[in-house]
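Hi,

Here is the structure I promised to pass on. Have a look at it first, and then read my notes below.

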Amino acid sequence: ELVVLGAPGKCQGKLEVSNVTKKGLKLKWKKPLDDGGCPIKEYKIEKLKNRNGKWVRCGTVKGGPEILEADITGLDEGATYKFRVFGVNDEGESEPLESEEVVAKNPFDEPWKPGQPEIVDFDNKSVKLKWAPPKSDGGAPIVQYIVQKKERFKDWEDVKEVPGHETTATVEDLKENTELQFRIIAVNKAGRSPESDPTATHKVKHRALKPRIDRTNLKPIVVRGGKMVHYDVNVKGEPEPEITWVLKEKPVFNDDHYEIINKDYNTKFTIKDSMRSKHSGVYEIIAKNEHGMDKEKVEITVLASPSKPKGPLEVKDVTKDGCKLKWKKPEDDGGKPITGYQLEKYDQKVGRWVPIGKTPADKEEFDVTGLQEGQHYKFRVKALNDEGESEPLETEEYMVAKNPFDKPKAPTDLVINDWDNSSVTLQWKRPSSDGGAPISGYFIEKKERGETKWEPALTTYSPECQAKIPDLPEKHTFQFRVSAINKAGTGEASDPTGFHTVKHRYLRPRIDRTNLTPITIKAGLSVQYDIDIEGEPAPTVKWFHGDKEVTTDADFKIDNVDYNTKFFIMRGRRNLSGKYTIVATNSQGEDRAEVEITILSKPGTPEGPLEATDVHKHGCKLKWKPPLDDGGMPIDGYEIEKLDPLTGQWLPCGQSSTPEANISGLQEGKQYKFRVKAFNKEGDSEPLEMETVVIAKDPFSEPSKPGRPTPTDWGKDFVDLEWTKPKSDGGAPITEYIIQKRDKSSRKWQDAATVSGDRTRGTVEDVEEGHEYEFRVIAVNKAGPSEPSDISDSVVAKPRNLAPRIDRKNLDKKVLRFGQLLNVEADVTGEPAPTITWELKGKPITGKEEERIRLDNEDYKTNLIIRNLKRSDSGIYKVTAKNKNGTDTVEMELVVLAKPSKCMGPLKVSDVTAEGCKLAWLPPEDDGGEPVQAYVVERMDVDSGRWIQVCESRFPEADVSGLQEGKDYMFRVKAVNSEGESEPLETDTSTRAKNPYDAPSAPGKPKATDWSRKHVMLEWAEPESDGGAPITKYIIEKKDVNSTKWMKAMETDGPVNKAKVQDLFEGTTYQFRVKAV
């Protein structure tokens, strides 16, 4: 059996086309009668589009010869196609089986676009639309309409579906003041129609509305002169209100200074070049339509430099090196406080103005120094505030710097008229001439023996001709001289004094107190003191007992010699106790020293009268005074006795350590007398006896009302009160005080606290936080309660000392858009009211940094307002509340969303060809707080100068296509986020569209250098030109001489110029050709 292998035969029958749509279809065929002697492995399918002569592979069917159909996709709607199929086995592919031509289209089409929708009604939340159906339904009924809306800078979105038989729709739940467009899409079985033309942009708003001015931006403005003032104010109202600006009851119109633009429910009011005299004042904005009127006032303050200081500029007290200037403050401070004055001088010799100093705002005079004698000067002064300096006020004439006087002559008759061990006192006569100016003081010099140089000793600031030179070293020897001083300077020196040694001249007495120690002895013993005394001349010494001088007698002996005294008490008695004073006296003064001598004995009689108080039927209270003499030692106590009315005897009835005693055990109605004796360790005193009798009975009544209570401290759960005791206790001690309270919202008094009778202050704890209370006090003694006191001032029960606490309710994270308003309020608790501060990025916020920033702090509340937010306002804001009881801090994050910043350059261009190039850049440094969604790439033909979008990219790179060869282009890229587009980043130079290289020329004709029944070895010459780029490989194609079709045989691995072509059929004649790549 002979089997000749070959490619399969042509597939049988007709290549059937079915299920045609605009994107695809189905093909069916029958397998070949001859499989070529080996199994069919697959079928290859090719398509021919619009008779362009180029067949393109569009499918492969694998799995064996029995799979004889294929689904073809990826067709272009409306294009005309032919298809062919090849059977393939190991020996090759069959002749193709071709189909008839077929057009890629649906059996029915999508509808045409509907008519442009019309807004037939609206309000501030909805819009009613009406439209015409499409002129063609595409061959299938309209099943529904889709309503789409689009916000500015956002994509179109579906918002409503309407049945196909309706051509009206109401879109609800719209956001007021949003600018929207609407369009309609019709839908049938074939799909969605093109979108209708959109409506004009519509702002969601009321149809009829009384004017209402948005006051958000109508804040008072303080601006520097020459700066622009601008208000951007939105105004609601339907129909759109007519807007007028008024100043001083006159309408403001557009002119060289004012620009007013009223458009689209908005008024923009601008003062281009503000002037203090013309533009400061209260402006009124008036909005009016057929439904009513609204008006609002706003104040504009234009700041400027001050006016010129008021003249004349006076020059006084001229000397050779200075003078005094005086002026008056300006009439207009420019809207800001005067901060000071700038002084300048004009030296006629130098020929220019030179600053000489500044003064504070409250000082309108200046002492000029540093002038050169004999030079001619003018002066001027300028007023300063935070806005700048005023026009200068000048002196009218030149001034010559010269003295009106000379230095004084030398003083005369210098003498030393007093001295001590550290100083000398000099005296002299005035100079014979004061040089024409009063002498203001004297300059005194000293020179020590053995030295040649005079040294300054003292400068006086008085014309008095006497001075004391202090701090001289004792026992050193000096000479002195003196010079007079006036405004011209220091004059000639006087003749010097003779040499003088520093020493005492007189010495005040001084008693040596070493032996003057207090002495305590018992009666009958002796006392002795031996005391040294210094002083010049030798002091006279005297001793005193109390105020009486002591001399030698039976009780005392005194021996006085120069610089010493001896004192004796021969035999001590109690009446000799007391304070003894030694007095030393000379011409320079005296010295006194005291010493206490105590001679012990029994106490003296207690001091009267002996009084009975608090008498009642069973007892009383006795009071007396301690003895004048305690006998020289502490009194141990007092013995009290009573005279018994029955027996007539004195009986002990108590002891006391203090000069009072409570006596009990008396019999009601009986008469008593009492006496008391003091006792110490030496014995009992003589008794002090009561002069009258006491009858045992009760003598008291209710007390009078206490003084009005005063709150001294309070908190959320207590109030401290103080009051004065009653003017009368009713004859009996106050035993307690009752504090009563009354809630100010009630009329009912309640007992709140009880305090013992010896106290006049108390605390009420039964109070409720936040309630306001009044208080009164009742005194109680044995007889009962007094009348209530007068009512206190009211007190609110709240903490008086409380650490700060910031309410965090409004201090959560804020995300706002560029240009919006930040308005944050926070309550703060704490007592006393805390101090509140704000910080951003470590810097304090005061509200004075920029006009758009305002910080208002008041007790228990803070309010931060930032108008026209910037991206740089983003960050962590730190709020701190502080008082003496502590600190509380809260952080608030603010994110300001904005367009991205400009992409980071450079914008690099690479891989340039005749049709395109590659662009690369860096993302923006700031994404504006929202992710960058895309990058928009635009090109500009340098000849046309017009920018055109060429593509969008999600990444910072892009492939640009569609360039025209030979033209020069500029490129730019913009980052886009949900807030809009960034500023563009442009290329620095233009780029010309051209290939960096061309296709290589044809290689040399291939030659067969070896062959067999299945392969051929070929070699060829390299192309004469590689087109400017290295050859990367070669493609070898083959063709049966009986065929017209070239087929790819192989590719080389690299730029080698020889190859082995395999899988050839024995006996077949082939041609070969080579392409360089």
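The two ends of residues 211-301 are 27 Å apart, taken between their C-alpha atoms, and this span is 60% strand and 4% helix. Please keep in mind that the model is predicted. I picked out that stretch because the UniProt annotation "domain: Ig-like", from an unreviewed entry, covers residues 211-301 and also 804-895. In residues 804-895 the end C-alpha atoms likewise lie 27 Å apart, with 62% strand and 0% helix in the span.

Next, the cysteines. With a cut-off of 2.5 Å between cysteine sulfur atoms, the count of disulfides is zero. C11, for instance, takes part in no disulfide, and the nearest cysteine sulfur belongs to C58, 14 Å away. C11 has a relative accessible area of 4%, so it counts as buried, since the cut-off for buried is under 20%. C323 is also buried, because its relative accessible area is 5% and falls under that same 20%.

There is also an open sheet to look at. Its three strands follow the order β10-β11-β14, with antiparallel pairing. β10 (118-122) and β14 (168-171) are the edge strands; each has a single partner, so one side of each has no neighbour in the sheet. From one strand to the next, the twist averages 25 degrees.

If you want to zoom in on one pairing, try β10 with β11 (residues 127-130): four bridges join these antiparallel strands. Within that pair, E118 sits opposite K130 of β11.

Enjoy exploring it!

Best wishes

How values were computed. Residues are numbered from 1 along each chain as its sequence is written. This is a predicted model: local features need pLDDT of at least 70, side-chain atom pairs count only at pLDDT 80 or more; totals for chains, interfaces and linings use all residues. Side-chain values use heavy atoms; hydrogens and water are left out. UniProt positions are given in the numbering used here, feature names are shortened, and annotations may be inferred rather than shown by experiment. Buried means under 20% relative accessible area, exposed over 50%, partly exposed in between (1.4 Å probe, protein chains only). Two strands pair if DSSP finds at least two bridges between them. Axes are lines fitted to C-alpha atoms, for helices over the stretch in contact, and angles run from 0 to 180 degrees between N-to-C directions.
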